[in-house]
Amino acid sequence: MVEVQPQSLDRINTLPQDTIEKILTLLPIQDALRTSVLSKKWRHCWKGMPKLVFDDKYLNTSSSSKEINKYKFVNAIFHVLMLHNGPVLEFSISINIDTEIDDEIDQIILHLSKSKNIKKFICKFRSNELFKFYFSKRYKLPSVFFSLYGLQHLHLTHCVIELPLTFNGFITLRILELCNVNITAKMLQQLLTNCPLLEKFILIGHQKGFITLGNKCRFLELSKCLPSVQVLKISKSYIKFTEGSSMQNPPALLVHLRILYLDVCFLKQHELSDALSVINSSPNLEKIKIELCWNHKLCGEETCKELVDLQDYYLGMKLDHLEELEITSFHNYAPEMEFVKLIMAKSPMLKKARIKLNSDVSVDKENKMLRDLLRLTFPRASPKVDIIIER
């Protein structure tokens, strides 16, 4: 057993109040409550912490039933909220999907809505079982949640979003991260339109069940709701692409966009066309990451491996600030290779091109692709680009 020396206790006791609070904000609230054993001075410091983080995985569940664990977790949260005597600027809660806690979270949100101080709100439901994570019942946000007008950062995982008629927008929101949420195309566009300062938008995962195209948002229409966005990441399970050429209906100019993550299938011409249109409308891009379809049999539509005409994009595209290109699940089909060549031909500042191959690509195909990319057989704007091909 390690003994705590008196000198160590003296140092702990003499720490400034703001230093103690900074230390406590780095801990989940369950651990912060236990710090009173270090010093009497620490005993009530958690009551003024501006950042509260609750995670049920820190509970001791070895000998307890699910209901007892739920009671312990909920009781800890309400205990902290009732005795807290300072502004709560950040609130985070992470829970297992199997925990039936919807009514309690409603009460927590109601409590937080009364102070009008909350700047950052995180609500995550998690599961180690993929099917359960995608298709189990999701938590529906109460209407009072949309009165948190001062939010600057919002993260929701496994929730249902239905905007009330009284929703006036999150006019200070800068970061919006939605993972595995249920939301209609109309409400998604309404939500984004009413977040005028949004700088980072992430929409990933799957909507519950097998959704129709009518419930998806048009990709190019969605981009028009994001005039100030700097970081954009979108999963195609939430969007539908333009049939035919998107050059006739280009997206809004995304002059602030620096980092773009897209989940697309380049064997579908309309998906490739929409992706190129967004890139073409983002002159200040610094990084592009493309996640290609790993199994085209699961796309659900006919695909085409024929060469796509990219001449229109060769004429107008300028990527003077792009430094990094990353593509995953690369099959080395003609449209994929043409996309790589186009980006490299239009990016004079490109430093790194990382291509992660799909497992179906043979060693012979990998060697041929490497030879094609390393040879100076196509125009390349950046002479110093580092091409990395890996599995």
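Ala-275 sits in helix H9, which spans residues 269-280. In this predicted model, Ala-275 counts as buried because its relative accessibility is 0%, and the cut-off for buried is under 20%. Leaving out residues up to four places away in sequence, Ala-275 touches Phe-219, Leu-262, Val-264 and Phe-266. Leu-220 is worth a look here too: 55 residues separate Leu-220 from Ala-275 along the chain, yet their C-alpha atoms are 9.1 Å apart.

Follow one of those contacts, Phe-266, and you land in the loop between E12 and H9. Is Phe-266 buried or exposed? Phe-266 is buried, with a relative accessible area of 1%. Beyond the residues up to four places away in sequence, Phe-266 touches Leu-272, Ala-275, Ile-290, Leu-292, Pro-335, Glu-336 and Phe-339. With Phe-339, the sequence gap is 73 residues, while the C-alpha to C-alpha distance is 8.7 Å.

Strand E12 itself covers residues 259-264, and Asp-263 is found there. The side chain of Asp-263 makes a polar contact of 3.5 Å with the side chain of Ser-235. Asp-263 also pairs up in space with Thr-328: 65 residues apart in sequence, 9.7 Å apart from C-alpha to C-alpha.

Here are the three sequence-distant pairs side by side.

| Pair | Sequence separation | C-alpha to C-alpha distance |
|---|---|---|
| Ala-275 and Leu-220 | 55 residues | 9.1 Å |
| Asp-263 and Thr-328 | 65 residues | 9.7 Å |
| Phe-266 and Phe-339 | 73 residues | 8.7 Å |

How much of the contact map comes from residues 24 or more positions apart? Such residues account for 75% of the chain's contacts with a separation of 6 or more. For the overall picture, the secondary structure comes to 12 helices and 16 strands, and buried residues make up 49% of the 391 residues in the chain.

Next comes strand E14, residues 324-330, where Glu-326 lies. Glu-326 is a charged residue by type, and it is buried at a relative accessible area of 8%. What is Glu-326 in contact with, leaving aside its neighbours within four places in sequence? The partners are Lys-287, Ile-288, Lys-289, Ile-290, Arg-354 and Lys-356. Ile-290 turns up again among the residues that Phe-266 touches.

Just past E14, in the loop that leads to helix H11 (334-345), comes Asn-332. Its phi is near 70 degrees, a positive value in a residue other than glycine. Most residues other than glycine have a negative phi. Asn-332 counts as partly exposed, with a relative accessibility of 22%. His-158 also has a positive phi without being glycine, this time near 65 degrees. Its place is the loop between E5 and strand E6 (159-160). His-158 is buried, at a relative accessible area of 1%.

Now for the inside of the fold. How many cavities of 30 Å³ or more does the structure hold? There is one, and about 30 Å³ of space lies in the largest cavity. Its lining is made of Leu-141, Phe-145, Phe-146, Leu-154, Leu-156, Ile-161, Phe-170, Leu-176, Leu-178 and Leu-191. Two elements give two or more residues to that lining: strand E5 (153-157) and strand E7 (175-179). By type, the lining divides into 10 nonpolar residues, no polar ones and no charged ones.

One of those lining residues, Leu-191, leads on to helix H7, residues 185-193. The buried residues of H7 are Ala-185, Leu-188, Leu-191 and Leu-192. Why do they fall on the same side of H7? They cover an arc of only 125 degrees around the axis, and that puts them together on one side of the helix. An α-helix has 3.6 residues a turn, so residues three or four places apart point the same way. On the face of H7 turned away from that buried side are the exposed residues Lys-186 and Thr-193. And what covers the buried residues? The cover includes E7, strand E8 (200-204), strand E9 (217-218) and helix H8 (219-223). E7 therefore has two parts to play in this account, as a contributor to the cavity lining and as part of the cover over H7.

How values were computed:
Residues are numbered from 1 along each chain as its sequence is written. This is a predicted model: local features need pLDDT of at least 70, side-chain atom pairs count only at pLDDT 80 or more; totals for chains, interfaces and linings use all residues. Side-chain values use heavy atoms; hydrogens and water are left out. On a 1 Å grid over the protein atoms alone, a cavity is a set of points where a 1.4 Å probe fits but cannot get out, and a pocket is an open set with protein on both sides within 12 Å along at least five of seven lines; lining residues have an atom within 4 Å of a point. Grid points are joined across faces, edges and corners, and a volume is the space filled by probe spheres set on the points. Helices (H or I, at least four residues) and strands (E, at least two) are DSSP runs, numbered from the N terminus. Buried means under 20% relative accessible area, exposed over 50%, partly exposed in between (1.4 Å probe, protein chains only). The arc is that of the directions from the helix axis to the C-beta atoms. Contact means heavy atoms within 4.5 Å. A polar contact is a pair of N or O atoms within 3.5 Å; within protein, one must be able to donate a hydrogen and the other to accept it, and residues adjacent in sequence count only if both atoms are side-chain atoms.
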